[in-house]
Amino acid sequence: MSTSTDHGRPDPEATPPARGGDDRPVSDRGDTVCVIGAGASGLTAIKNLREHGFGVDCYERETGVGGAWNWRHDRSPVYASTHLISSKPFTQFPDFPMPDSWPDYPHHSQLLSYFERYADHFDLRSHIWFGTEVVRVEPAEGDRWDVTTRSTGGYGPERTSRYAAVVIANGHNWSPKLPRYEGLEEFRGEIMHASSYKDPAQLRGKRVLVVGAGNTGCDIAVEAAQQASRCWHSTRRGYWYAPKYVLGRPADQVNDTLLALRVPLRVRQWLYHWTMRLTVGDLTRFGLPRPDHRVYETHPIANSQLVYYVGHGGIGPVPDVARFRPYAVELADGREIDPEVVIFATGYLPRFEFLDASVFADSAGAGRPTLWLNAFTPGHPTLAVAGLLQPDSGLFTLSHWQTVLFARLLQARRDRPERAMAFARRVRERAGERYSGPVKDSSRHWFEVGHADYLRAVQRALHDLESSK
C-alpha cells in the first residue's frame, strides 16, 4: 500500500520512486485507481470506487466537472438550446435523483448544476486533479498501469504515477468525424462541424445547409428554419422520427413500459408504425426519404419539431451531397444549391490518444475497441472504459452500474482471485457481444445498446462475479 495525503494524493517524500520502462521516475500509488475524466461517467466512477474502499486519483483536463455537459469546456458539443433527449427518470443517477420541479427534458445548464451538486454531495472534488491531461497510459508489471500526466496545454514537466487500475471516462462525443467530398477545399462559403455550433445567431439571415440526420443535425436544422433565410437538410438515408411525447408521456417512458412487459421487438415495431401513421402519416410526402431499415434497427431521432418545420416549408429535405463547387453544392440527384454556411452534423469518433490501439485489440486503429459489456478488454483485467455507450435511454444509470461492476471486480481480484479469473475468461469469450437488435453497420451505431438488455447483462455479470459461476 502507498502512503498518501489526507486527500488521497501522493506524498512524494513517502516512498522512493520506481522506474518506468524508459528509466523515468515513477511515483507508486499502491492500490489507488486512476480515473481519466470528470464528466458524468468519471464522477460516478470516483464515487463507486471510493464507496468500495479504493483510493482514487482523477485527472480532468478542464477546470471544472461536467465533461461534455459543461459548455465552458473547449471540447463540449453543447449549444445554447441543448436539452436532454432522454427523459429525467431514465437519465439520472440511481442514487441521486434530479429535482421533482425540473422539466421532463432538462436544459444543459441544469445538467451541469446536477453534476456539480453530485460532486459536492459525495465529496468528489478532493480526488480530482483539474487542469491536468493524461499523456500516456502504459501497462506495467502485475497488471498495473503507468499514467503520465502534465498540465493542460503542455505546460510544465510530465509526471508518471503507477496505479493498480485505470478507468477511462474521457467521453466519445468530442472528436469530430468529418466527411470527405470532392471539391470541399475549394468551397468559398463557411464550413463548420456541429461541435463548433453554439448559438442560432450564427445562422441568422444566412442560407444554411445542414448535413446529417442525428439528433444534433435535426436540432440545428430546426433552429435554422427559425433563423436562417433558407435551410436545406441533407440526409444519406431515411430515418424514423419519434416525437418526444406519446400518449401524454415522454416517449422513452412509454417504450420502457413495453420493454418491462417483454413485448417482442416485432410487436413494438408494429405499434410504432401504427402510432406514426395516426400522427404524422407517410413522411415521404414531405420529400423525406423512406427508411431502408425497420424502426429500432437504429435509434429513432427524438425530435417533435423537425416534421413540423418540414411541413411548413422552413426546412427543405435534400439527398446526400455529391460534390462541392466554389459557390455551390451539387446533390446526389443532380440539383445544385447555394448555401453560405455548411454545418456537418456527422457525429464523432472515439479517441484514446493516450493509449496504444493494440490494448483494445484495435489493430487497424479505427477507434472501435473490442470490449465485453462495452467496458472490459481481453488481456487487461485492471482496465475499464466507462460510458462508451449509445443507449436508447439515458446514459448515467448505465455508467453507474458499469463502474459498480468494475469496483467489485477489483475487490474480487484482492479477496477472491478465482472469481476474478472466471470473470476474465468471460471477457475473453464474449468480447464484442452486442446488447441491441440488428443495427446499421456504421460508426454512428458502434456503441448502440438497448438499455434494458444491457442492464440485465450487467446484473448477470454482477451475480456471476459474486457467485463464481
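**A Conversation on Sheets and Cores**

Trainee: Which residue stands opposite Val35 in β9?

Mentor: Val35 stands opposite Val167 in β9. Before continuing, please note that this is a predicted model, in which local features need pLDDT of at least 70 and side-chain atom pairs count only at pLDDT 80 or more, while totals for chains, interfaces and linings use all residues. Residues are numbered from 1 along each chain as its sequence is written, and side-chain values use heavy atoms, with hydrogens and water left out.

Trainee: How many bridges join β3 and β9?

Mentor: Strand β3 (residues 33–36) pairs with β9 in the parallel sense over four bridges. Two strands pair if DSSP finds at least two bridges between them. Helices (H or I, at least four residues) and strands (E, at least two) are DSSP runs numbered from the N terminus. Another facing pair here is Ile36 and Ile168 of β9.

Trainee: And which strand is on the other side, the one with Val166's partner?

Mentor: That is β22, where Leu383 is the bridge partner of Val166. β9 and β22 (residues 383–385) run parallel and are joined by three bridges.

Trainee: In what order do the strands of this sheet come?

Mentor: The order is β5-β4-β3-β9-β22, an open sheet of five strands with parallel pairing. β5 (128–130) and β22 are the edge strands, each pairing on one side only. From one strand to the next, the twist averages 20°.

Trainee: Which strands does α1 touch?

Mentor: α1 packs on the sheet and touches β3, β4, β5 and β9, with its direction at about 165° to that of β3. α7 also packs on the sheet, touching β3, β9 and β22, and its direction makes about 175° with that of β9. Axes are lines fitted to C-alpha atoms, for helices over the stretch in contact, and angles run from 0 to 180 degrees between N-to-C directions. Contact means heavy atoms within 4.5 Å.

Trainee: Are the β9 side chains buried or exposed?

Mentor: Ala165 and Val167 point one way from β9 (residues 165–168), Val166 and Ile168 point the other way, and all are buried. Buried means under 20% relative accessible area, exposed over 50%, and partly exposed in between (1.4 Å probe, protein chains only).

Trainee: Turning to the largest nonpolar core, which residues touch the most other members?

Mentor: Leu373 and Phe376 do, out of 57 residues in that core. α7 gives the most to this core, with nine residues. A nonpolar core is a set of buried Ala, Val, Leu, Ile, Met, Phe, Trp, Tyr and Cys residues joined through side-chain atoms within 4.5 Å. Not counting residues up to four places away in sequence, Leu373 touches Gln402, Leu405, Tyr435, Tyr454, Ala457, Val458 and Ala461. Apart from this core lies another, of 29 residues, among them Ala194 and Tyr197.

Trainee: What about His193: buried or exposed?

Mentor: His193 counts as buried because its relative accessibility is 7%. His193 belongs to strand β10 (residues 190–193). Beyond its neighbours within four places in sequence, its contacts include Ile343 and Phe344.

Trainee: How do β10 and β21 pair, parallel or antiparallel?

Mentor: They pair in the parallel sense over four bridges, and Ile191 stands opposite Val342 in β21. Four bridges also join strand β11 (residues 207–211) to β21, and these run parallel. Both faces of β21 (residues 341–344) are covered, with Val341 and Ile343 on one side and Val342 and Phe344 on the other, all buried.
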